[in-house]
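Open the model in your viewer and keep the selection tool at hand. The tour goes from the whole chain to single residues.

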Amino acid sequence: RAISEKVKKMANNGDEQQSEDYLFKIVMIGDSAVGKSNLLARFARNEFYQNSKSTIGVEFQTQKMLIDGKEIKAQIWDTAGQERFKAVTSAYYRGAVGALLVYDISRRRTFESISRWLNELHAHSDMNVVIILVGNKTDLKDAREVDTAEGKAIAETQGLFFIETSALDSSNVAAAFETVVKEIYHILSRKVF
Ligand code: GDP
Ligand code: MG
């Protein structure tokens, strides 16, 4: 299927153990200020920005991960704030095999945007793209506007993985990325073997 065509699998000729490299393109999507850049900063560099400007995001960040004993490179794409102007281009989505669709549990409006983001993602990428719905900012307990059960329910209906995170206190951040990468790898393994 299309996922494996998009996954670049290269034999490492110089290595006697014949290890293979996997490179998965993953995109961060969701409304402005839900915490996409901070989730990536926390995951890749263990950093957090209280007043992150929309421009802190690099184009993409390559992160090595060990999944089932295999080294996988996740090439994680972050927006540079263009989602504020509904101007995420098709180049951003091209070749993506995974996505983190992030909303802010303290701002219901960002939760209500989920279907729009799903439509946009599916218009620009393969239907098999692995998606995790991420309810971020669980540290803002008193400001919560979206119940965990609501996130779970929409994820089930849409066939998405689901997790709640806090980039501020690090809760579940690695798990969010690892869930996506693991599933892509498992789909690929089932296909290849
Ligand atoms: P993006 O526009 O989706 O990339 O969002 P940013 O990562 O730039 O974050 C927007 C704002 O939310 C910044 O002020 C961050 O400090 C804040 N933020 C991000 N993640 C969290 C979180 O988990 N908890 C809290 N309390 N604030 C967060
Ligand atoms: Mg950002």
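Two strands are said to pair if DSSP finds at least two bridges between them. Helices (H or I, at least four residues) and strands (E, at least two) are themselves DSSP runs, numbered from the N terminus. This is a predicted model, in which local features need pLDDT of at least 70 and side-chain atom pairs count only at pLDDT 80 or more, while totals for chains, interfaces and linings use all residues. Residues are numbered from 1 along each chain as its sequence is written, and chains are lettered from A and ligands numbered from 1 in the order in which they are written.

**The whole chain**

Colour the chain by pLDDT, the predictor's confidence in each residue, from 0 to 100. The average over the chain is 87, and 85% of the residues score at least 70. The model's overall scores are ipTM 0.99 and pTM 0.90.

Select residues 8–19. Here pLDDT stays under 50, and the model has twelve contacts beyond four places in sequence for this stretch. Two residues are in contact if their C-beta atoms, placed from the backbone, lie within 7 Å. Where pLDDT is low, the predicted coordinates should not be read in detail.

Now switch to a cartoon view. The chain has seven helices and seven strands, and from the N terminus on they follow the order α-β-β-α-β-β-α-β-α-α-β-α-β-α.

Of the 193 residues, 36% count as buried. A residue is buried if 20 or more other C-beta atoms lie within 10 Å of its own, exposed if 12 or fewer, and partly exposed in between, with C-beta atoms placed from the backbone.

**Strands β5, β6 and β7**

Select residues 98–104, which form strand β5; seven of its seven residues are buried. Gly98, Leu100, Val102 and Asp104 point one way, whereas Ala99, Leu101 and Tyr103 point the other way.

Add residues 130–136, strand β6. Seven bridges join β5 to β6, and the two strands run parallel. Look for tyrosine 103 opposite glycine 135, and for aspartate 104 opposite asparagine 136.

Why is β6 largely enclosed by the rest of the structure? Because seven of its seven residues are buried. On one side are Val130, Ile132, Val134 and Asn136, and on the other Ile131, Leu133 and Gly135.

Next add residues 161–164, strand β7, which pairs with β6 in the parallel sense over four bridges. Isoleucine 132 of β6 stands opposite phenylalanine 161 in β7.

**The core**

Which residues have the most contacts inside the largest nonpolar core? They are Ile26, Val27, Ala99, Leu100 and Leu101, in a core of 43 residues. Among the elements that each supply at least two residues of this core are β2 (20–29), β4 (70–77), β5, β6 and α7 (173–192). Helix α7 gives the most, with seven residues. A nonpolar core is a set of buried Ala, Val, Leu, Ile, Met, Phe, Trp, Tyr and Cys residues joined through C-beta atoms within 7 Å.

Centre the view on leucine 101. Apart from neighbours within four places in sequence, leucine 101 is in contact with Ile29, Gly30, Ile114, Trp117, Ile131, Leu133 and Val134.

**Ligand 1 and helix α2**

Select ligand 1 and the 19 residues around it. Gly35, Lys36, Ser37, Asn38 and Leu168 come nearest. A residue is near a molecule if its C-beta atom, placed from the backbone, lies within 6 Å of it. The shell divides into six nonpolar, ten polar and three charged residues. In this count, Ala, Val, Leu, Ile, Met, Phe, Trp, Tyr, Cys and Pro are nonpolar, Asp, Glu, Lys and Arg are charged, and the others, Gly among them, are polar.

Helix α2 (residues 36–45) gives the most to this shell, with three residues. Eight of the ten residues of α2 are buried, including Lys36, Ser37 and Asn38.

**Three single residues**

Just after α2, select asparagine 46, which has a positive phi of about 50°. Asparagine 46 counts as exposed because it has 10 C-beta neighbours inside 10 Å.

Move to lysine 137, in the loop between β6 and α6 (148–158). Lysine 137 also has a positive phi, about 80°, although it is not a glycine. Is lysine 137 buried or exposed? It is buried, with 25 other C-beta atoms within 10 Å.

Finish at alanine 91 in helix α3. Measure from its C-alpha to that of histidine 124: the two are 33 residues apart in sequence and 8.7 Å apart in space.
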